[in-house]
Amino acid sequence: MAVSLWKNLLQTTKERILQQRRMSLYNGAHGYDEELLKKKLQQFAGGSINLSKEDNGIGILTLNNPKLMNAFTGTMMVELQERVTELENWKDGKGLIIYGAGNTFCSGSDLNAVKAISNSQDGMNMCMFMQNTLTRLMRLPLISVALVQGKAFGGGAELTTACDFRLMTPGSEIRFVHKHMGLVPGWGGAARLVRIVGSGAALQLLSGAAGVDPERALHLGLSEETLSSSDETGALEEAQAWLSQYTEGPATVIQAVKKVVTAGRELPVEAALRTEKDVFGTVWGGPANLQALVRRPKHK
Ligand SMILES: CCC(=O)SCCNC(=O)CCNC(=O)[C@H](O)C(C)(C)COP(=O)(O)OP(=O)(O)OC[C@H]1O[C@@H](n2cnc3c(N)ncnc32)[C@H](O)[C@@H]1OP(=O)(O)O
């Protein structure tokens, strides 16, 4: 009886948290028609977003359009949304690494598509689509890392800010080039950057549009670490090793950790505390907790 009650409570809480995460920022009430926009995005085809879910609970998401420095075509935007949905449903997932094929991260939105949809309404619709997707990416119950090799420009720089951490390879560069395109970030990059580096540094990075090398990124707190490898395989291995120190342990617990931190980061304190209580209820008396009580480990 008690076990079945606990299971029901666990299931309800899980469903509620999943539903909250799926809630999009924009919907019909904002004059936004997602299906219509997707049809438009499908007209700008090319590249792909590939996801490999490894046995160790780390997902590898590849931005794959190396001919255009991994610029985001319309179909890649739609595929990114599909991969995020897949990750939301990954019960065994614990971490995520996002990187670009061909040893460079991403040069932002595909300028060919941008030129073809340069009216304000299309721009805002694309912006709402990408904000919805990147907000869901940021809220995934997985610890996420942007592995920045080569260039992360424009929307590519914005994408890095939707990850929990950034790791950079020697010679790589993050650059918010928007000003030079007569733009400001629209994929949520400004709001997230302010929270990562503070408003003064964010203002400098956006108004100066200067490249940020690994050393400056470390100094600003934009990057966690500069990796030693520049080649794709070596950098990916290093990024996996770096991330593994935080993903060791049962998926339920790692996911719970990410959820309470997301709540603390995003919600007013009382709502964050209530979420923390709900998440706590999903792990208290759970398998990992009960096993630990039997083992009685000493944390020396
Ligand atoms: C959300 C809003 C935004 O994202 S606005 C920001 C859009 N992004 C940009 O303005 C970046 C433009 N690209 C560049 O500055 C350079 O291509 C960078 C990324 C520095 C790479 O330089 P480099 O290593 O010399 O390569 P390259 O210029 O020869 O590029 C190779 C081919 O890729 C293409 N490419 C590059 N970026 C994009 C892009 N964003 N959209 C469409 N195509 C892109 C280049 O045009 C070039 O193609 P091609 O070989 O000339 O046919």
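Which residues does Lys 151 touch, not counting residues up to four places away in sequence? Here are some notes that start from that residue and work outward; please keep in mind that this is a predicted model.

1. **Lys 151 and its neighbours.** Leaving aside residues up to four places away in sequence, Lys 151 touches Thr 104, Phe 105, Cys 106 and Glu 173. You will find Lys 151 in strand S5, which covers residues 151-153. Its relative accessibility is 35%, so Lys 151 counts as partly exposed. It is worth looking at Asn 103 as well: Lys 151 and Asn 103 are 48 residues apart along the chain, and their C-alpha atoms are separated by 8.9 Å.

2. **Glu 232, another residue to view with Asn 103.** Helix H10 spans residues 232-247, and Glu 232 lies in it. Beyond residues up to four places away in sequence, Glu 232 touches Tyr 99, Gly 100, Ala 101, Gly 102 and Asn 103. There is also a long step in sequence to Gln 149: 83 residues along the chain, with 8.1 Å between the C-alpha atoms of Glu 232 and Gln 149. Glu 232 has a relative accessible area of 28% and is therefore partly exposed.

3. **The cysteines.** Cys 106, one of the contacts of Lys 151, deserves its own point. No disulfides turn up in a search of the whole structure. Cys 106 is in no disulfide, and the nearest cysteine sulfur, in Cys 163, is 11 Å away. Cys 106 counts as buried because its relative accessibility is 0%. As for Cys 127, its closest cysteine sulfur is that of Cys 106 at 16 Å, which is too far for a bond; a disulfide would need the two sulfur atoms within 2.5 Å.

4. **Ser 144.** Cys 163 comes up again here, as one of the residues that Ser 144 touches. The others, with residues up to four places away in sequence left out, are Leu 96, Ala 162, Asp 164 and Phe 165. Ser 144 sits in strand S4, residues 143-148. With a relative accessible area of 1%, Ser 144 is buried.

5. **Gln 131 in helix H5.** Is Gln 131 buried or exposed? Its relative accessibility is 15%, so Gln 131 counts as buried, the cut-off for that class being under 20%. Gln 131 belongs to helix H5, residues 120-138. Apart from residues up to four places away in sequence, Gln 131 touches Leu 25, Tyr 26, Gly 186, Trp 187 and Gly 188. I would suggest displaying these side by side with the helix.

6. **Glu 82 and Thr 133.** Glu 82 is a residue of helix H3. From Glu 82 to Thr 133 there are 51 residues in sequence, and 9.1 Å in space from C-alpha to C-alpha. Glu 82 counts as partly exposed because its relative accessibility is 40%.

7. **Backbone angles at Met 69 and Asn 70.** Please take a look at the loop between strand S2 (58-64) and helix H3 (74-88), where Met 69 lies. Phi of Met 69 is near 55 degrees, a positive value in a residue other than glycine. Asn 70 is placed in the loop between S2 and H3 too, and has a positive phi of about 60 degrees although it is not a glycine. How do these two residues stand in terms of accessibility, buried or partly exposed? Met 69 counts as partly exposed, at 42% relative accessibility, whereas Asn 70 is buried, with a relative accessible area of 0%.

8. **The chain as a whole.** There are 13 helices and eight strands in the chain. A compact globule of 300 residues would have a radius of gyration near 19 Å, and the 20 Å of this chain agrees with that. Along the principal axes, the C-alpha atoms fill a box of roughly 60 × 45 × 35 Å. Among contacts between residues at least 6 apart in sequence, 74% join residues at least 24 apart.

9. **Surface and charge.** Of the 300 residues, 47% count as buried. The accessible surface comes to about 15100 Å², and carbon and sulfur atoms account for 57% of that surface. The chain carries 32 positive and 29 negative charges, whose mean positions are 6 Å apart.

Definitions and conventions
Residues are numbered from 1 along each chain as its sequence is written. This is a predicted model: local features need pLDDT of at least 70, side-chain atom pairs count only at pLDDT 80 or more; totals for chains, interfaces and linings use all residues. Side-chain values use heavy atoms; hydrogens and water are left out. Buried means under 20% relative accessible area, exposed over 50%, partly exposed in between (1.4 Å probe, protein chains only). Helices (H or I, at least four residues) and strands (E, at least two) are DSSP runs, numbered from the N terminus. The radius of gyration is taken over C-alpha atoms; the globule rule is 2.2 Å times the number of residues to the power 0.38. Contact means heavy atoms within 4.5 Å. Accessible areas come from the Shrake-Rupley method with a 1.4 Å probe; for residues, only the protein chains shown count as cover. Lys and Arg count as positive and Asp and Glu as negative; His and the chain ends are not counted. The place of a charge is taken as NZ of Lys, CZ of Arg, CG of Asp or CD of Glu.
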